[in-house]
Structure formats: C-alpha cells, structure tokens
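Here's a quick briefing to read with the model open next to you. Take a look at the fold first, then work through the points below.

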Amino acid sequence: MKKNLLKSAAMFFAACAASMSLTAQTVSYPETYLVDIFDAMPRTWQSVSEDNAVVSNPARQALNTKISYVKRYPYVVSNPARQAMNTSTMVLKLQCTGATISGAETALALPAGQYGYAHIMMYSETAVTPTIKVNDTDAEIAAPAALAANTWTDVVFAIPAASAIDYLRVNIDNTADAPENPVYLYIDNVVLNNVSEATVKTIATGAAIDPFNYKSEGVNNQYALQNDWSYTKMLDNYTYGSTITFTTGSASRGMVEYNGKMYFPVRKGGTEDNPHQIAVVNGATGVIETSIDIPTNVFTYQLEVNAGTDSARIETAAVALPFNDIQKDQNGNLIFSNLLTSAAGPFEVWAYNVEAGTWTLVLHEVIAEVEGFADATVRFDAFGVYGSYPEHLVIMASNASKVEAYKWVIENGVSQGMEYIVLDDYKGYPETSKNKAVNPGTAPRIYPIDDEYFYLDGNATFPTLYNSEGTLIDNFYQDTLTAYSNISKSVIYYNSEDEFDTINFTMNEGHNGLQEFELTNAETGEKEYFLACAARNTVGTSASSYAIMKFADANKSFRDAEFLFLFPGNGMGGASNAYRTAAVTVENENDYTANLYAYTGENGIAKYTMINMELANKAKAIEEPVAVENTTVSTNKVYVNNNVVTLDNKANVEVYSILGQKVAEYKNVNTFSLNSGMYIVVVDGVSNKVIIK
C-alpha cells in the first residue's frame, strides 16, 4: 500500500503544484488523495487538545537527537509496532488526559468533497473509539467499532454525501478513564478515496522497537544505526517456544538471511509426523512466514550392517543431531550441517536450493575412517562455507576440543578430500600472553572469507584471522602482553530521566558469530570495510549484544579498527545460551545501506539498519550539493545557525532527507528550523547540502 500511496502522492503534487490557490477552476481528483504518511515530520497538524507538556523525545535517532522539547500534542514519535504493510518510521501520537475530547487537525490543500471515505491507520494500547470531523457544520463521524487494543487497523470513516471537507480532525475521548489513565492514539497513513472496504489489512502487533538511542558515529557523524524491529527477552516480547515456533532454544542454533528473509534450522523428531523444519521469518517485520518441512531422507545415509556375514545388509541410518547449523552460498543454496560429537560418526553437509526446493548431499565424511585419524577427538558444533555449490565450495569446521580446523573443497560437486589444519598457538609466547591462541572452547564458529583466509571465533577467543596454513594473522591484540585494543567503548545515551548517561562497555569472548561487509562510494568506487561480531555473552553490561567495527582500510587490521556501534545498547537478554550462538548476517540493501540480522539463542532476534549518510547523499541528491553548514550557493545564500536555516531572500523551499524523501515544503519563506541531521534543501530549484548539528 505504501508504494501505491507514494505514487498517488507524487501524481497529485505534480498535477496540483501550479494550482494551490484553488479557486473556481476545475479540480482533478486523484483516485487516492494522500493526506499524510508521517514518514517525515508533519508541519500542518495542529492540536485541538488542552494538553501541554515538556516531553522527552522518544524518536531520538540520527536526524533527531534533541533530548527534550516543548511541544503541544500531537507530536511525532517512532512507530511503536512497525511491521508488515505498516512500515512507516514515524507516526503521529495523540494523547488525552482529561475528560474532554482531544485530537489533531490539518487543513486539506485539495477540496475533497467528492471522496466518500477516509482511511486512517490507527493503533492504540487500549480499546478506544476514535472520531473524525470534516467541517464545522457536519457532526462528528465515529469509527464503525472500537479499536482492538495493540493492533494496527485501517479504520474506515464514511463521509456524508456532499460534505464540504475543509479540514480533517481526528479525536479521541477519555471520559471513561480520565484523568488517572491517559489514552494514547497513534495515526499513520491518512488517505481519502471512494473505497468502502479497508485498503490495508489489520495487522496484529508483536515486534517492538529497541528504545536505545544510537548516537551517530564517524569523523563526520556520517554513520547512523537504527532498529527496525526486535523480539528479545530484554524487551519482554520474545519466547522461543512461540515467537518463531522453535521447540526449544537449543534446537535452533543458527540463522542466515537470504533475499530479505531469515532462515533458522529447527531440529525436531525427523519423522513424517514430526519433521525437522526450516523456520522462515520475514526480514522486514520479524514475523514468521512459514515452516518448511524437511524430507525424512535428508541427513540419512546407507550403512553396511554385519559385513562379511550371511546377514550382511545395507540399512538406512539417520545422522545424529542433524540441522545444527546453517550457512548460505552464492548460488541460492542454504547449507546445513549436523552436530558432530565423535570422529566415528558421519559429518554431513546438505544443500537446500531455495528457489527449486531441492535437497542435495554435499559432503559425507567419517573422520575416523581417514588415514591417521582413527583415534581423533573431534567435535564440530558449527561450520562455515565460501563460494558456490556445486562449482566451487569451501567447507570448514573448527574442533571444539583442540586448536585445529578441518577443510573440504567441493569441485563440480565432488569432495577433493579432507584437509587438516593445525592452528598456530604462538607457543613461543608466555602462557599469560594475550597474543597466544588458546583452545577455542565451546561451540566455535569458523568463517572462510576466500580460499586462503578464514576467521575463527570461539567461547574462549575473540574473532581471529588465520590463513590456510594455520598461521594466526590477526586478532584483537596490542604489542603488550596483556592489553587488548579497541574492544572497549564508552557508549553515550539518554537514560529514562532524559539525561546523558554512559555505558562503559567491554567486549568479551563468550558468544560466537561474525560477518564482514562493505559500503561503496558510488562516485569513486572506493570501499569501506566493516565487521559485525558478537560483543558480549549472557552476563554483564549489555548482555547478548553485538558490535560493528570499521576497518581503517582494505588491510582490515584489527589493531586499527574503530568500534562504531554496540547493539542492542541494552542487550538482547541474559537467558543462558550454552551453545554460544550469536549469529549475525549482513546484507547490503544498496551501496550505502547495510541490513544487519541478529539471532542470539534463547534471547531473541532483531534487524538493524546502518547507513553512511554521506554516501547516501551522493547517491540520492538531485544535484551535487555545494553548500555545507554556513557556506553559500546560488544567488540566494543559505545560512545555518544551530537548527535554524536562513535565506537572504524569501523563496519556495523543499527539504529532503538524505534518502531523497521530502520532509518539508515551505512557500515564500526566508527562515525555518530543522532537527539535527543531514538534508538536501532545494531553494528555487537549486540543491544545497545542509548539516544541522
């Protein structure tokens, strides 16, 4: 619906830009008249409430970092239940604390008397019956029924025939509960049309927005991070037995993102009545879409029984502890492995092609049957892949019992044999040296990044880079024997009292998970290199959290990496996670935007978006900006003082976000204010980049 609304809005503004006076001339009515979508700060809604207050800013993000402000209700806040087809980043909040009606109204630029219905997306934490009013002469129009609490609903108001709509006013009444219990109403997309049915489906709530304030980072504050949705123990909306239909937390130990969806292996009985499954979660909403039943022949193999006897036979055997971990290749395959607890058992890797829905056995290896490994002590909790099956796929697994790794290369669908890699433990260093690698410990994870290099992250280790010879190339260390570098950060945020506070945070080794990603300057082709990784286990400050590190350059030195973000700032939760899963998958939405999907076993799932605002501006600006802060452009000079923008002469002004979305429009002005952030300000058709600090 959002795309259709935006398209209708664009058609409307293009058609009506030259007719804003709207006298007796013929008016062309678009099929859908978009009144507001609240993605941008609305400028035209006025309060009809007596409520006045100094309120904390509940939508403090990269472009709006004020601690508090005086505002007459209504005011714009982050969407409290953003999901499914209601994905606005902002909504209008109305509050009624007294026994009288409160609300908000806006004048309509287009005389809309020919529209028969008003559609308003509404959400309330209590069951209330909102009303609207369209002019001074007609009576209030009540919603067909009371809102269902905690549910986004497209409320359809029938407008009396021939009503001369002068304005649109949304009201709520708190007579029953006033004044002890304030009533809140959130409104989102507001459209007029002639369709009597709800045009946006009713959406049940569930996902929450991480309330932590993420301060912009980088030398120019160009990096912004926001949460799109969260289901976590910390936010008290995550129960792994119901949220994503996992039988128990420990039955789902991995996650990858593919084409905007999150895929989780779910180990169950493995029978036709109780098959293993893949849980599929919508990456835009966090809501489970479906569960894919896995055929009962997957993770089975042919076993010779009683060899050399008259009763010799071939039986089908099931692999123990299947579907323990999940990865993906570059050909649209989800790759699965089992939990291997003994060298005598088979280690299997299977591929599921998402588009074709087909399963293929990629690898079957019994390590004890490899020459020289009959007495090997081996445990594989997780594995990693690089490349594409069947052409060229690298499979690696790290031993939880020793400082060693195993590697297989699949060429044209055929394994080239097992490679054994003894990992460098810097034996020449003192035992107390932080440079010295140790047994990775419980549930280590391994990530080949090409044919030559791989990361290893274990319960007892930080992310560490090795080469194919097992040489330790880099990890989080300094030249001294005890001090680690850049794993600590003072995170500044706003507390519940709306005051600055600080988290003194230090990463620890307990959780395992990481992924590299890149952002690209579309003009120059220059790249920026990042690492998202598990930052904290289930104990201590910000339990079950992640970090985003920025490498200084293509060398990707840990020593020079900058700790950008800690997320969630308050952590996902402290529920025990003995299998140490902290999976993070990063997918580039475009050159300047990275979507980060996170899963911490027992504690939750979430999606975050990180953006380089400077790169976004280069890609999205109508023209190359030539004015920053107090510099000038064109003949009408643009000045910035705090959050006030001033022009030499009055002009028509349009303000766009760095993503190219219009956030404000002014007619014949020479001064206006903006919240903190980066904008494209178009003055009489000339674009200027403006930074409000």
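Let's start with one residue: N512 is buried, because its relative accessible area is 0% and the cut-off for buried is under 20%. Keep in mind that this is a predicted model. From N512 we can move out to the whole chain, then to two sheets and the cores.

**Around N512**
- N512 sits in a loop, the one that links strand 35 (500–506) to strand 36.
- What does N512 touch, leaving aside its neighbours within four places in sequence? On one stretch of the chain it meets T442, A443, P444 and R445, among others.
- The contacts of N512 also include D457, G458 and N459, plus A534.
- R580, T581, A582 and A583 are on the contact list of N512 too.

**The chain as a whole**
- The protein chain has 2 helices and 47 strands.
- Out of its 693 residues, 55% count as buried.
- If you take contacts between residues at least 6 apart in sequence, 58% of them join residues at least 24 apart.
- The exposed area of the protein chain is about 28,800 Å², and 48% of that is supplied by carbon and sulfur atoms.

**The sheet with strands 36 to 39**
- Here 4 strands make an open sheet, in the order 36-37-38-39, with antiparallel pairing.
- Strand 36 (514–520) and strand 39 (562–567) are at the edges with a single partner strand each, so one side of each has no neighbour in the sheet.
- On average, neighbouring strands of this sheet are turned by 25° against each other, direction ignored.
- As a reminder, strands of a sheet pair through backbone hydrogen bonds, either parallel or antiparallel.
- How many bridges pair strand 36 with strand 37 (residues 527–536)? There are 7, in the antiparallel sense.
- Across strands 36 and 37, look for F517, which stands opposite F530 in strand 37.
- At the other end of the order, strand 38 (residues 545–550) and strand 39 run antiparallel and are joined by 5 bridges.
- There, A547 stands opposite L566 in strand 39.
- Strand 39 is mostly covered, with 5 of its 6 residues buried.

**The sheet with strands 30 to 33**
- This is another open sheet of 4 strands, in the order 30-31-32-33, and the pairing is antiparallel.
- Strand 30 (445–448) and strand 33 (472–475) are the edge strands, each pairing on one side only.
- From one strand to the next, the twist averages 25°.
- Strand 30 and strand 31 (residues 453–457) run antiparallel, joined by 4 bridges.
- Y447 stands opposite Y455 in strand 31.

**The nonpolar cores**
- Which residues touch the most other members of the largest nonpolar core? They are M507, F517, I548, L596 and M610, out of 54 residues in that core.
- Strand 37 gives this core its largest share, 7 residues.
- L596 is a good one to click on: not counting residues up to four places away in sequence, it touches F517, A532, I548 and F567, among others.
- Further contacts of L596 include T585, V586, A606, K607, Y608 and M610.
- A second, separate core has 30 residues, including A104, I120, V183 and L185.

Notes: Residues numbered from 1 in each chain as written. Predicted model: local features only at pLDDT ≥ 70, side-chain atom pairs only at ≥ 80, totals over all residues. Heavy atoms only, no water. Pairing = 2+ DSSP bridges. Axes fitted to C-alpha atoms, helices over the stretch in contact; angles between N-to-C directions. Core = buried A, V, L, I, M, F, W, Y, C linked by side-chain atoms within 4.5 Å. Buried < 20%, exposed > 50% of the residue type's maximum accessible area, 1.4 Å probe, protein only. Contact = heavy atoms within 4.5 Å. Areas by Shrake-Rupley, 256 points an atom, 1.4 Å probe, with all protein chains shown as cover.
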